[in-house]
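Biologist: Hey, I'm new to this one. Can you put it up and walk me through it?
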2 protein chains.
Amino acid sequence: MGKNLTPRNEDYSKWYNELVVQADLAENSAVRGCMVIKPYGYAIWEKMQAQLDKRFKETGHQNAYFPLFVPKSLFEAEEKNAEGFAKECAVVTHYRLKTDENNPGKLIVDPEAKLEEELVVRPTSEAIIWNTYKGWIQSYRDLPLLINQWANVVRWEMRTRLFLRTAEFLWQEGHTAHATREEALAETEQMNNIYAEFVENFMAIPVIKGAKTESERFAGAVETYCIEALMQDGKALQAGTSHFLGQNFAEAFDVKFTSKEGKQEYVWASSWGVSTRLMGALIMTHSDDKGLVLPPNLAPIQVVIVPIYRNDEQFNAISEEAKLLTEELRAVGISVKFDGRDTHKPGWKFAQYELQGVPLRIAIGPKDLENGTVELARRDTLTKEFVKREDVVAKAKGLMTEIQDTLLKKALDFRNDHITEVDDFKEFKKVLKNKGGFISAHWDGTTETEDRIKEYTKATIRCIPFNGKKEEGICVLTGKPSSQRVLFAKAY
Amino acid sequence: MGKNLTPRNEDYSKWYNELVVQADLAENSAVRGCMVIKPYGYAIWEKMQAQLDKRFKETGHQNAYFPLFVPKSLFEAEEKNAEGFAKECAVVTHYRLKTDENNPGKLIVDPEAKLEEELVVRPTSEAIIWNTYKGWIQSYRDLPLLINQWANVVRWEMRTRLFLRTAEFLWQEGHTAHATREEALAETEQMNNIYAEFVENFMAIPVIKGAKTESERFAGAVETYCIEALMQDGKALQAGTSHFLGQNFAEAFDVKFTSKEGKQEYVWASSWGVSTRLMGALIMTHSDDKGLVLPPNLAPIQVVIVPIYRNDEQFNAISEEAKLLTEELRAVGISVKFDGRDTHKPGWKFAQYELQGVPLRIAIGPKDLENGTVELARRDTLTKEFVKREDVVAKAKGLMTEIQDTLLKKALDFRNDHITEVDDFKEFKKVLKNKGGFISAHWDGTTETEDRIKEYTKATIRCIPFNGKKEEGICVLTGKPSSQRVLFAKAY
């Protein structure tokens, strides 16, 4: 365990960086911008994967796997997509290293092993997948095609931060093909809804569903839907996106199908993804100055049992009790760890499990054995109480739900407290500076105004919320007419 | 569904290539040597993953994720490992593309975005992982470190074949660190045993466990253990390997720990992996001229129900019955698909599910409804029988085990029939040519002899079997003394 964390109100960014490393979630690697996801962090990601994968399969999607590399000629086929990603892609140019004759033991790129065509390491897979779909789709009978891929992707970001922005990250990307515009749009919306439901119910993070403006859309998309979350420092975080791609990729890769009526038509498409970035959202929504706070639904360890003892005899008696309790808790579906290590003191262990966000801690000492009690400590509220041994299991089970609900409620209250309706640009800047959060304001609908607001304030339009009320008003910057408020915020 | 498969005895290699594509397992992509794993093939891989992952976790391993890229300076640190993989690695040299000024709409590598240090796309991850372990291991308390990674890797093979040898493939790679040589060796052996148990019990493929000779060892390993399977054409296939790495990587990356006695010592290591190559082994062990044969333990669909009908009334009545039967089968843990499509005839469907290796097919027609029967067809034996409706579920459940056992038994008999003891080099060549399979022969223990035999016959030493009887003899080529038979074969 490292030293104490920098308090959040002192330096939020520093707190985050320290927490990710000290809680054993991830660390920087020897490769610029690429992270190592450590076992504890990866265990949380695996839980997210399992839940998402289940939802994808329940809605008829199948997993598949497409190549890591995209030949340059395919990469450039859909122009906007290519333009959007060309500036930040890793390019493979050679397929062999050889010994440096001037420096034995060292290797150099073999100039004779230059590829005829360069390969781009996928920053996203629309190009390689739509080139493949061309061979899979002939008739309306082949549609819809509902496929998901779990994969690594690479985007050569210049300024990286663990989980939030890394050169390589893990994600899932769904790529679907449909016979009609309506079906593709319905799929786009369905997947955005699935993301929202998962993020709210498992990550305990409230999100706002909406559409991106043109300038914030995915490169190559006709519409981008998103879920936007709010972090504790008042900055927004895009937690997932679902894109309606129209016929753009079908046209770029010439993917047509024969309709029921016998006509040749271009296929309609969607794509959607969430990534290890969600780990950043999880951390910045719930955690505190003592470390990580994990919602029980995603905690790799839900309950930790720590023995308090002075001698072997006490340790053995407590261990026996802890073993029984562990079995009882596991029988009701709770994941438990008993930390009987003699290399660390209980105080050290308490701090460690607080740092790692284990939702519930049970301490058992000799007195507890006598009294038939245990000490139960909640990570989220940092409260402790003595509970009768016979009530522990029911209590713990109840707390799993209660803590999950409390975290969502708390995050929801914070988020709702940080949506401010503003009708004046001076106020806009003031709220953004002093309070942060989402600013709900009228906007004239032009990219030019959006760009100017971004230039003046660094705030961008996070989304045009789906549930926003229709309301006549005037643009907060230009005074031109507007029919709906949109949500501005500074964002990760 | 495509045309008929080329019969195995006509051209085994062609049969394999056709089967992989026609059964919808995988196909070649636009990227040389890289495959697309299609949903049906990926579903089988997912089942393998789930089983292996469970076994890894049960033996105390945790999953983590390390970068895709290895900086050249790390790649070359362990010399033998570097030498082994340098000849076939994809190298990233640039991090940006830009518009070709002479050819708008086309992109070229931006010469100004050249990396200071080239990045190798991981062909295996020892280098990047041991460079990371240096920061994780200080004391004997940090050991053992038991980590696994599910990932994609790239080896620029010149001659590729779907699943068997592809430029990119999916695998898992375990990387463990230990305080003693004995522990690392025990881990190496344990993981080889886990592979053998999984491959035999889930894939129904019998394997021989043994050690590789020096020339067949993993680059950088002190010992390589392996499991070797035999394909229907008499060629061997290495189905998994587990390496004892000694202190090679610890020395190369300076990973030391303080022992209980307070001494600084280099850490001992193992690494072990299986890959999507197992899919090739699965196909070539059980399948026949009609297509894939899948062991029930790995079949994505274990039972398919096909309705036989002439009109809507019949279809509705059969569908209702099929729905009930589906529920009953699922209740006993069997995965079922009802194929009620009206776009294909029953005969087409029968052929399709045979091609895709669905273990059990149930056909229900109007006569069956009258008689209270269904027609049950086994994929492995291609036998059919009528079964009373009330007996179907119990029968199907029993057959899941029986088919699994039958496939293993059949493969085991074939394998055992194809291990030939040979004591004379003329005989060696004759058996290899006419019968194939494993040749159990004495060898003088030198790489030179091994190389010469390979040169003369294309057969290599697949392994020195762990359970081989000790027996004095003379080398089949040189006549020099030998104390144990080894297994030779041509191999994939």
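Modeller: Sure. A quick term to start: strands are DSSP runs of E, at least two residues long, numbered from the N terminus. And keep in mind that this is a predicted model.

Biologist: Okay, which strand holds Val121(B)?
Modeller: Val121(B) is in β8 of chain B, which covers residues 114-121.

Biologist: Is Val121(B) buried or exposed?
Modeller: Buried, because its relative accessibility is 0%, and the cut-off for buried is under 20%.

Biologist: What does Val121(B) touch, sequence neighbours within four places aside?
Modeller: Residues from both chains. From chain A there are Leu68(A), Phe69(A) and Val92(A). From chain B there are Leu68(B), Phe69(B), Ala90(B), Val92(B) and Val154(B).

Biologist: You mentioned Val92(A). Which residue of chain A comes closest to the rotation axis?
Modeller: That's Val92(A), with its C-alpha at 2.1 Å from the axis.

Biologist: And what turn lays chain A on chain B?
Modeller: A turn of 180°, with a shift of 0.0 Å along the axis, and the RMSD is 0.0 Å. That is the relation of a two-fold axis.

Biologist: Do the copies meet through the same surface or different ones?
Modeller: The same surface, because 100% of the interface residues of chain A are also interface residues in chain B.

Biologist: Switching topic: how many residues of helix α5 of chain B are buried?
Modeller: 8 of the 11 in residues 126-136, so α5(B) is largely enclosed by the rest of the structure.

Biologist: Which ones are they, the buried ones in α5(B)?
Modeller: Glu126(B), Ala127(B), Ile128(B), Ile129(B), Trp130(B), Thr132(B), Tyr133(B) and Trp136(B).

Definitions and conventions:
Residues are numbered from 1 along each chain as its sequence is written. Chains are lettered from A and ligands numbered from 1 in the order in which they are written. This is a predicted model: local features need pLDDT of at least 70, side-chain atom pairs count only at pLDDT 80 or more; totals for chains, interfaces and linings use all residues. Side-chain values use heavy atoms; hydrogens and water are left out. Helices (H or I, at least four residues) and strands (E, at least two) are DSSP runs, numbered from the N terminus. Buried means under 20% relative accessible area, exposed over 50%, partly exposed in between (1.4 Å probe, protein chains only). Contact means heavy atoms within 4.5 Å. Copies are superposed by least squares on the C-alpha atoms of residues with pLDDT of at least 70 in both.
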